Amino acid sequence: MAFHRTYIADLLGAMDKDLALGVQSELATLIGPCVSDLYEGNWVYFADATTKAGAHECLVYFMPPGRSIVLQSPKLPKGDFELGGDQGGNTNPNSGACEVYVKWKDAKTLARLAFHELLHNRLKLGNTLHKEDGLRTGGVITSATKLTDGNKRDMAKGIKQPVPQWSDGIILMTNGFHDPMSEFYKP
Ligand SMILES: [Zn+2]
């Protein structure tokens with residue numbers, strides 16, 4: 001058994017260092033019990049320009065409020081799927097692309113929002129994910145929202161099946177830093 005890996009991609013620096021470290025630790029705490037039957041343990045890493053997440057790994061982007069990388073992912077859902085249905089994040093389940101908006105400077109809340117978006121991502125579900133079961137809720141997620149046994153089983157199921165994660169958003173942003181035509185340009 002190996003260790004499971006989850007990547008936090010905060011290429012635009014939406015979080016300061018303390019907040020990022022808090023989210024890293026909270027997210028590891030949430031995912032740990034989900035993968036305990038499948039892996040020796042789990043790590044949450046910060047993605048860099050060269051990160052490519054594997055099909056059983058998890059990748060979640062953290063974005064400043066008002067910015068989206070998921071909306072640039074391929075095969076955006078139409079019809080039943082509603083991008084922007086969640087208050088604190090977004091997922092394109094067709095492409096394995098998900099993101100959290102750093103609207104709250106609270107690590108527990110942000111980690112729970114990331115877990116929720118990763119459930120959409122790994123289970124390839126739009127709004128049908130939502131039911132009143134802890135972190136599957138379609139309602140408001142707070143620092144107190146519980147990780148239920150059902151949530152753990154759902155995440156385990158999602159991680160067990162191969163779901164390619166959309167790592168190309170990392171390249172889009174890092175290349176964009178040097179491209180005056182890109183919305184990510186950093187002069
Ligand atoms: Zn949702």
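## Exercises around strand E5 and beyond

Thr 91 has Cys 98 in E5 as its bridge partner. Keep that pair on screen as you start, and remember that this is a predicted model.

### Exercise 1: The setting of E5

Work out which strands pair with E5, and in which sense.

Solution.
- Step 1. Start with strand E4, residues 89-92. E4 and E5 run antiparallel and are joined by 4 bridges. The pair you already have on screen, Thr 91 and Cys 98, belongs here.
- Step 2. Follow the chain from E4 to E5. The two strands make a hairpin, with 4 residues between them. In that turn sits Gly 96, whose phi is positive, about 65 degrees.
- Step 3. Now look at strand E3, residues 58-63. E3 pairs with E5 in the parallel sense, over 3 bridges. Opposite Val 100 in E5 you'll find Phe 62.

### Exercise 2: Two faces of one strand

Sort the side chains of E5 by the way they point, then decide how many of its residues are buried.

Solution.
- Step 1. Recall the general pattern: side chains in a regular strand alternate between the two faces of the sheet.
- Step 2. Apply that to E5. Ala 97, Glu 99 and Tyr 101 point one way, while Cys 98 and Val 100 point the other way.
- Step 3. Check burial, with under 20% relative accessible area as the cut-off. The residues on either side of E5 are all buried.
- Step 4. Put it together: strand E5 (residues 97-101) has 5 of its 5 residues buried, so the rest of the structure largely encloses it.

### Exercise 3: Phe 62 at home

Is Phe 62 buried or exposed, and which residues does it touch?

Solution.
- Step 1. Place the residue: Phe 62 is part of strand E3.
- Step 2. Read off its accessibility. Phe 62 has a relative accessible area of 0%, so it counts as buried.
- Step 3. List its contacts, skipping residues up to four places away in sequence. Phe 62 touches Ile 8, Ala 9, Asp 10, Ala 14, Met 15, Val 23, Val 100, Val 102, Leu 110 and Ala 114. Val 100 is the residue that stands opposite Phe 62 in E5.
- Step 4. Pick one of these contacts and take its distance. Met 15 is 47 residues from Phe 62 in sequence, yet their C-alpha atoms are 8.0 Å apart.

### Exercise 4: Following the charges

Trace the salt bridges of Glu 26, then contrast them with the one between Asp 149 and Lys 152.

Solution.
- Step 1. Get the total: there are 6 salt bridges in the structure.
- Step 2. Take Lys 108 and Glu 26, whose side chains meet at 4.0 Å, N to O. This pair ties together distant parts of the chain, with Lys 108 in helix H2 and Glu 26 in helix H1 (residues 17-31), 82 residues apart.
- Step 3. Glu 26 also forms a salt bridge with Arg 112, where the closest N and O atoms are 3.9 Å apart. Here too distant parts of the chain are linked: Glu 26 in H1 and Arg 112 in H2 are 86 residues apart.
- Step 4. Join the pieces: Glu 26, Lys 108 and Arg 112 form a network of salt bridges.
- Step 5. Check burial. Glu 26 is buried at 17% and Arg 112 is buried at 11%, whereas Lys 108 is partly exposed at 38%.
- Step 6. Turn to Asp 149 and Lys 152, which meet at 3.4 Å, N to O. These two lie in helix H3 (residues 149-160), 3 residues apart, or about one turn of the helix. Lys 152 is partly exposed, with 25% relative accessibility.

### Exercise 5: A cavity lining

Find out which helix gives the most residues to the lining of the second largest cavity, and describe that lining by class.

Solution.
- Step 1. Count the cavities of 30 Å³ or more: there are 2. The second largest holds about 40 Å³ of space.
- Step 2. Look at its lining, which includes Asp 86, Gln 87, Leu 113, His 116, Glu 117 and Ile 141.
- Step 3. Helix H2 (residues 107-123) gives the most, with 3 residues.
- Step 4. By class, the lining comes to 2 nonpolar, 6 polar and 2 charged residues.

### Exercise 6: Unusual phi angles

Where do Lys 75 and Lys 124 lie, and what is the sign of phi at each?

Solution.
- Step 1. Recall the background: most residues other than glycine have a negative phi.
- Step 2. Lys 75 has a positive phi of about 55 degrees. Lys 75 lies in the loop between E3 and E4, and at 60% relative accessibility it is exposed.
- Step 3. Lys 124 also has a positive phi, about 55 degrees. Its place is the loop between H2 and H3, and at 46% Lys 124 is partly exposed.

Methods
Residues are numbered from 1 along each chain as its sequence is written. This is a predicted model: local features need pLDDT of at least 70, side-chain atom pairs count only at pLDDT 80 or more; totals for chains, interfaces and linings use all residues. Side-chain values use heavy atoms; hydrogens and water are left out. Buried means under 20% relative accessible area, exposed over 50%, partly exposed in between (1.4 Å probe, protein chains only). Two strands pair if DSSP finds at least two bridges between them. On a 1 Å grid over the protein atoms alone, a cavity is a set of points where a 1.4 Å probe fits but cannot get out, and a pocket is an open set with protein on both sides within 12 Å along at least five of seven lines; lining residues have an atom within 4 Å of a point. Grid points are joined across faces, edges and corners, and a volume is the space filled by probe spheres set on the points. Ala, Val, Leu, Ile, Met, Phe, Trp, Tyr, Cys and Pro count as nonpolar, Asp, Glu, Lys and Arg as charged, and the others, Gly among them, as polar. Contact means heavy atoms within 4.5 Å.
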